[in-house]
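Thank you all for making the time this morning. I would like to walk you through one protein model, going from its aromatic rings to its backbone and then to its surface.

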Amino acid sequence: MRTELLVVIVTFSFFLGLISLFVLATVLQRKKNNANFQTKHNWKKITQYLWLTFIVSTVLFSFTSANTPDAKKEAAQESSVSAKKAFSRKVKKQKQASSSSRKKAAKASSIKANKDEKKLEKKTRAKNIKRNFVAYKADLAKLPTKTKNAITHAYYSKTSGGSVIVINDEVLNASDSAVRSTVHNAWKIGQNVFNNNSPLPDSVNYLVTVQDEGGDQLAHTSMFGSFKYDGQ
């Protein structure tokens, strides 16, 4: 009821204020044209009172309308909507932050896993190479037994980085073609020992040198990796 009354007062005072302004403007114009012109009412004060009434009633109307049940309900709804939107934005930011954190953690974990895997592979390879080198030297040392002393000695040479196969001189007491075949077979045995135990340290290469018991070179591995006979 108060709100409706204030609406009437605001509307009424506004229109009266407009009328009083028009009247005041007319009076001032007549006084300008006629210095002796007088009116029964003081339209200047009337205009001031009317506009003051309009301003006060407008302020009261704004305050009253803001405190009505409907206005409070609407304000509560707007507040609820704003709170929901703010909460939704907060949840969205939290999800984005959580997702970003998970991605960063996953990436860091993946990088660490790759580094650990590479480190393990490197360590395992080094261990295998070391074990292979031991087996390589052991296999060379077993050749005299395996060949029933046709090969009297076989070893890794630090000088050449390859293996040296020494053939029993008694086996060499044969025809040139038989000797060449025996030497070739000894060279192949040396090659197989290398291939079967690879990978090996960088200091070990595929070169195989075949000698007689006197130290004379009978064959060696060529620069192309093939058999090269040095005998007569």
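**Aromatic rings first**

What we have on the screen is a predicted model, and when rings are paired by having their centres within 6.5 Å, the count comes to five aromatic pairs. Let me take one of them, Phe-133 with Tyr-136, whose ring centres are 6.4 Å apart and whose planes meet at 20°, so that this pair is stacked, given that planes under 30 degrees apart count as stacked. Both Phe-133 and Tyr-136 belong to helix α3, which covers residues 69-146, and they sit three residues apart, or about one turn of the helix. As for their surroundings, Phe-133 and Tyr-136 are both buried.

Phe-133 also pairs with Tyr-156, and here the centres of the rings are 5.3 Å apart while the planes stand at 90°, so this pair is edge-to-face. This second pair links distant parts of the chain, since Phe-133 is in helix α3 whereas Tyr-156 is in strand β1, residues 151-156, with the two positions 23 residues apart in sequence numbering. If you are wondering why I quote both a distance and an angle, it is because a pair of aromatic rings is described by the distance of the centres and the angle of the planes.

Is Phe-133 buried or exposed by its relative accessibility? Phe-133 has 18% relative accessibility and therefore counts as buried, and Tyr-156, at 17%, counts as buried as well, the cut-off for buried being under 20%. Putting the three residues together, Phe-133, Tyr-136 and Tyr-156 form one aromatic cluster.

**The overall layout**

Let me step back for a moment to the whole chain. The protein has four helices and five strands, and read along the sequence these follow the pattern α-α-α-β-β-α-β-β-β. Of its 232 residues, 23% count as buried.

**Backbone details**

Now to some points in the backbone that I would ask you to look at carefully. As general background, most residues other than glycine have a negative phi, and most peptide bonds are trans.

Where, then, does Lys-148 lie? Lys-148 is in the loop between α3 and β1, and it has a positive phi of about 55° although it is not a glycine. With a relative accessibility of 77%, Lys-148 counts as exposed. Asn-149 has its place in the loop between α3 and β1, and Asn-149 too has a positive phi, in this case of about 70°, although it is not a glycine. Its relative accessibility is 39%, so Asn-149 counts as partly exposed.

The peptide bond that runs from Ser-198 to Pro-199 is cis, with omega near 0°. Pro-199 is found in the loop between α4, residues 176-196, and β3, residues 208-212.

**Charge on the surface**

Which residues gather in a patch of positive charge on the surface? They are Lys-119, Lys-123, Lys-127 and Arg-131. Lys-123 is found in helix α3, and at 64% relative accessibility it counts as exposed. Arg-131 lies in helix α3 and is partly exposed, with a relative accessible area of 48%. Arg-131 and Asn-197 are 66 residues apart in sequence, and from C-alpha to C-alpha they are 9.0 Å apart in space.

There is also a negative surface patch, which is formed by Asp-169, Glu-170, Glu-213 and Asp-216. Asp-169 sits in the loop between β2, residues 163-167, and α4, and with a relative accessible area of 30% it is partly exposed.

**One last residue**

I will finish with Gly-215, which is found in the loop between β3 and β4, the latter being residues 217-221. Gly-215 is partly exposed, at a relative accessible area of 39%. How far apart are the C-alpha atoms of Gly-215 and Val-166? They are separated by 8.0 Å, while the two residues are 49 residues apart along the chain.

To come back to where we began, the part of this predicted model that I would invite you to look at again is the cluster of Phe-133, Tyr-136 and Tyr-156, in which Phe-133 takes part in a stacked pair with Tyr-136 and in an edge-to-face pair with Tyr-156.

Technical notes: Residues numbered from 1 in each chain as written. Predicted model: local features only at pLDDT ≥ 70, side-chain atom pairs only at ≥ 80, totals over all residues. Heavy atoms only, no water. Phe/Tyr/Trp six-rings, centres within 6.5 Å; stacked < 30°, edge-to-face > 60°. Buried < 20%, exposed > 50% of the residue type's maximum accessible area, 1.4 Å probe, protein only. Patch = residues over 30% accessible without salt bridge, like charges linked within 9 Å, V, L, I, M, F, W, Y side chains within 5 Å. Areas by Shrake-Rupley, 256 points an atom, 1.4 Å probe, with all protein chains shown as cover. Salt bridge = Lys/Arg side-chain N within 4 Å of Asp/Glu carboxyl O. Lys, Arg positive; Asp, Glu negative; His and termini not counted. Charge placed at Lys NZ, Arg CZ, Asp CG, Glu CD.
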